[in-house]
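Welcome! Here are some exercises to work through with the structure open beside you, each followed by a solution in small steps.

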Amino acid sequence: MRTNYRTNSGVRFEMLSKDQLEALFNGVLHTLAYTGLDVHHEEARDILKGIGAWVDGIRVRIPAYLVKRSLDMAPRSFTLFARDGNPKHDIHIDPGRGHFGPGPTPPNFIDVDTLERRPYVKDDARIVATVCDALPNIDFCESLGTVSDVTTELAASYEFAEMFPNTSKPIVAWSFGAEDGEDIHKIAVAEAGGQEAFEKRPTYVHYCEPISPLLSDDKAIDKLLFAARHRVPLIFTPCPIAGGTAPVTAAGTIIQAAAESWMGLTLAQAIQPGLPFFMGGVLSVMDMKETVFSYGAPELSLMMAGVAELAHYVGLPLWQTGGCTDSKILDAQAAIEGSLSCFFSALTGGDLCHDVGYTESGMTGSILQTAMMDEAIGYVRRITRGIEVNEDTLATDVIHNVGPNGHYLYEKHTRKYFKTEFWYPNLCDRHSYEEWEAEGKKPMRDRVVERVQDILSTHQPSSIKPETRDAIKQILAAAEQRVKDKE
Amino acid sequence: MSEIFEQLATFIIEGDDEKTPELVQKALDEGLNAKDILDNGLIIGMNEVGVRFKDGSMYMPEVLMSAKAMHDGQELLRPLLAAAKVKQSGKILMGTVKGDLHDIGKNLVSMMMEGQGMEVINLGFNVDPEKFVAAIKEHKPDVVGMSSMLTTTMRFMGHTIKAIEEAGLRDSVKVIVGGAPLDAAFGQRIGADGYGYNAGDGAELAKRLLA
């Protein structure tokens with residue numbers, strides 16, 4: 001024991017000062033109270049008006065005290081549970097803990113056999129879930145696409161129905177609106193054994209998106225209301241495009257994104273006090289030469305770090321972004337952009353870091369990119385774990401015993417620590433030239449493809465209950481009927 | 001009887017350098033044949049270690065503990081095998097060449113060789129050509145292994161081979177080389193019989209040359 005001795009656990013990262021964070025915070029409060037947002041949803045406006053927001057037509061302005069109260073109501077620490085009770089697949093949201101997973105809804109997917117880009121199909125949701133279930137550094141599952149080969153209105157319902165049986169890791173679900181949101185919820189509730197059981201151990205999070213700048217449509221709000229009323233943890237995440245749909249400056253974009261997200265927070269907490277809520281979203285730039293929303297820009301990592309610090313300053317967990325790229329294929333660009341944003345996200349302790357596996361500026365999902373990033377995240381996690389300093393790790397006795405010109409390979413100390421002190425790659429090659437040559441001189445891309453195909457041919461996710469299987473069939477049949485009835 | 005052999009193989013895989021020699025002694029006390037103990041116990045275990053190291057499920061510190069257990073167990077058998085005139089798996093003379101103080105690479109190869117059942121005489125580092133020649137005369141090894149870590153000391157490998165030739169000993173030994181700056185072409189150029197690219201490969205190379 002020592003006195004007056006302080007240890008740093010892990011790597012320290014801090015960008016904004018308390019004064020800067022306070023300036024951002026007050027900027028958000030100012031925007032919510034003076035500018036306000038357009039809320040295209042009458043019921044939502046009534047709820048907000050009922051708790052003291054100022055409503056003028058569709059414009060809603062929220063006074064600072066209401067926002068602060070809502071921030072107080074939302075928890076900073078909670079757990080998202082594995083559907084099969086496997087504690088290794090639980091996600092503990094807590095300061096300093098970063099988690100990673102894919103993102104929602106690109107129209108295209110990189111076929112894992114042909115490696116060609118094509119529309120996303122239902123079976124891809126199974127593929128993504130199975131691979132996410134197996135990858136050790138991927139903590140939650142999201143689909144990486146919008147299913148194109150089913151009844152259009154039911155793309156999200158089929159997507160969840162394919163993912164849920166193929167991973168026990170928590171899922172982030174997306175839907176068009178409340179009806180397909182309910183299909184999804186029924187599946188999770190069937191497995192949990194009822195609504196009450198689900199509330200105690202939620203296994204999925206619902207993802208909603210406001211529109212930048214400062215607008216929410218009825219569908220996004222419908223979803224929010226449904227999730228809040230059924231105590232489904234909620235993500236409310238805008239995608240402000242700096243220079244296009246948000247100010248060109250990082251600070252301005254952070255303020256606008258927070259205002260958009262906190263309208264959702266205020267509404268959700270009004271309906272369900274204490275609902276777990278993730279602040280979003282994806283903050284990046286409009287490339288002024290290509291007019292794309294860049295998923296590989298350094299400003300994405302930078303703005304996400306800023307919004308992460310703001311979220312943690314006000315006591316909210318963050319829906320972080322990383323592991324994504326503007327590249328079209330699994331190449332060096334994809335590795336550079338994806339790895340650096342994963343590293344930055346991990347440094348910020350971004351609570352759920354999504355879009356791991358986004359390529360082509362969000363237009364194409366690639367589970368190959370996710371698998372390559374799994375390696376990068378493992379690498380990053382070794383760095384952020386930091387250096388442990390204690391009597392045993394200082395090793396002065398061991399140094400003394402081995403002495404000059406000895407070696408440490410026979411030491412008990414070496415055997416005790418060599419597996420935990422060092423990270424061992426799965427995909428990065430450290431062979432001798434001769435061994436690398438003997439194994440066919442495989443580049444990273446080939447090793448990633450092999451790993452994904454190997455997982456798909458061998459990995460068995462834990463199964464769902466037989467009654468849930470039946471429930472899924474019934475829920476999808478009823479959903480098809482619902483769509484038919486509307487025609 | 002087969003239970004003792006299986007247990008020996010398990011101790012080798014676990015790298016238990018205390019229980020392995022104990023059990024070898026017990027096996028001898030029970031009247032088991034030294035060659036059987038070696039072939040059906042120790043070597044079976046060490047072969048499995050080789051397989052596991054190659055497929056990535058065992059790591060170097062574990063392999064070296066297995067090699068040490070193997071070596072310690074075999075020390076008890078060596079005089080008995082010699083008395084019974086059983087051909088043993090070879091004597092290797094190892095050293096880091098003149099001017100070079102790097103030790104661990106050469107030691108790793110030595111430990112791997114011992115794990116394969118070979119007898120290793122380790123001359124240490126900064127070994128000049130004359131010392132190699134004198135040691136060959138004294139120990140009569142089957143193989144001489146030279147290591148170098150530096151581009152500046154590599155050339156002493158050639159000098160040493162020349163010294164061995166001049167002493168008229170070149171035909172009595174195989175010469176193998178290894179070390180970070182080397183490659184197979186360099187080995188050929190200086191007239192070595194083989195080049196090993198890492199510790200495991202060096203031990204395999206020696207085994208092949210002894211066969």
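**Exercise 1. Find how many residues chain A and chain B each give to their contact, and sort the chain A side by class.**

Please keep in mind that this is a predicted model.

Step 1. Count both sides: nine residues of chain A take part, together with ten residues of chain B.

Step 2. Look for the main contributor on the side of chain A that touches chain B: helix α15 (residues 412-421) of chain A has the largest share, three residues.

Step 3. Sort that chain A side by class: three residues are nonpolar, four are polar and two are charged.

**Exercise 2. Locate the domains of chain A and describe the side of domain 1 that touches domain 2.**

Step 1. Take the bounds from the domain assignment: domain 1 of chain A covers 21-67, and domain 2 covers 73-385.

Step 2. Set the two apart in space: their C-alpha centres are separated by 25 Å.

Step 3. Count the contact: domain 1 of chain A brings 21 residues and domain 2 of chain A brings 24 residues.

Step 4. List the elements that give two or more residues to the domain 1 side: they are α1 (18-35), β1 (37-39), α2 (42-50) and α3 (64-73) of chain A. Of these, α1(A) gives the most, with eight residues.

Step 5. Sort the domain 1 side by class: 15 residues are nonpolar, five are polar and one is charged.

**Exercise 3. Now do the same for the domains of chain B.**

Step 1. Here the domain assignment gives 2-83 as domain 1 of chain B and 91-210 as domain 2. Their C-alpha centres lie 26 Å apart.

Step 2. In the contact, nine residues of domain 1 of chain B meet seven residues of domain 2 of chain B.

Step 3. On the domain 1 side, at least two residues come from each of α3 (34-54) and α4 (60-83) of chain B. The largest share, six residues, belongs to α4(B).

Step 4. By class, that side holds six nonpolar and three polar residues, and no charged residues.

**Exercise 4. Check the length of helix α1 (residues 2-14) of chain B, then find what its buried residues pack against.**

Step 1. Work out the expected span: the helix has 13 residues, and at 1.5 Å a residue it should span 18 Å. A helix of n residues has one step fewer than n, so the factor is one less than the number of residues.

Step 2. Compare with the model: the end C-alpha atoms of α1(B) are 18 Å apart, so the two values agree.

Step 3. Mark the buried residues of α1(B): F5(B), L8(B), A9(B), F11(B), I12(B) and I13(B). As background, residues three or four places apart in an α-helix point the same way, because there are 3.6 residues a turn.

Step 4. Find their partners: the buried residues of α1(B) pack against α2 (19-29), α3 and α4 of chain B.

Step 5. Look just past the helix: G15(B) follows α1(B) and has a positive phi, near 70°.

**Exercise 5. Describe how helix α4 (residues 122-134) and helix α5 (residues 155-163) of chain A cross.**

Step 1. Begin with the two quantities that describe packed helices, the angle between the axes and the distance between them.

Step 2. Read them off: the axes of α4(A) and α5(A) come within 8 Å and cross at roughly 40°. The crossing is right-handed.

Step 3. Name the residues: K122(A), A125(A), R126(A) and A129(A) from α4(A) meet Y158(A), E159(A), E162(A) and M163(A) from α5(A).

Step 4. Sort this contact by class: four residues are nonpolar, none is polar and four are charged.

**Exercise 6. Where does D355(A) lie, and is D355(A) buried or exposed?**

Step 1. Recall the background: most residues other than glycine have a negative phi.

Step 2. Look at the angle: D355(A) is not a glycine, yet its phi is positive, near 75°.

Step 3. Place D355(A) in the chain: the residue sits in the loop between β17 (352-354) and β18 (358-359) of chain A.

Step 4. Apply the cut-off: a residue with 20 or more other C-beta atoms within 10 Å is buried. D355(A) has 32 of them within 10 Å, so D355(A) is buried.

Definitions and conventions: Residues numbered from 1 in each chain as written. Chains lettered and ligands numbered in written order. Predicted model: local features only at pLDDT ≥ 70, side-chain atom pairs only at ≥ 80, totals over all residues. Domains from an automatic or database assignment. Contact = placed C-beta atoms within 7 Å. Helix = DSSP H or I, 4+ residues; strand = E, 2+ residues; numbered from the N terminus. Nonpolar A, V, L, I, M, F, W, Y, C, P; charged D, E, K, R; others polar. Buried ≥ 20, exposed ≤ 12 C-beta atoms within 10 Å, placed from the backbone. Axes fitted to C-alpha atoms, helices over the stretch in contact; angles between N-to-C directions. Left-handed = near helix turned anticlockwise from the far one by under 90°.
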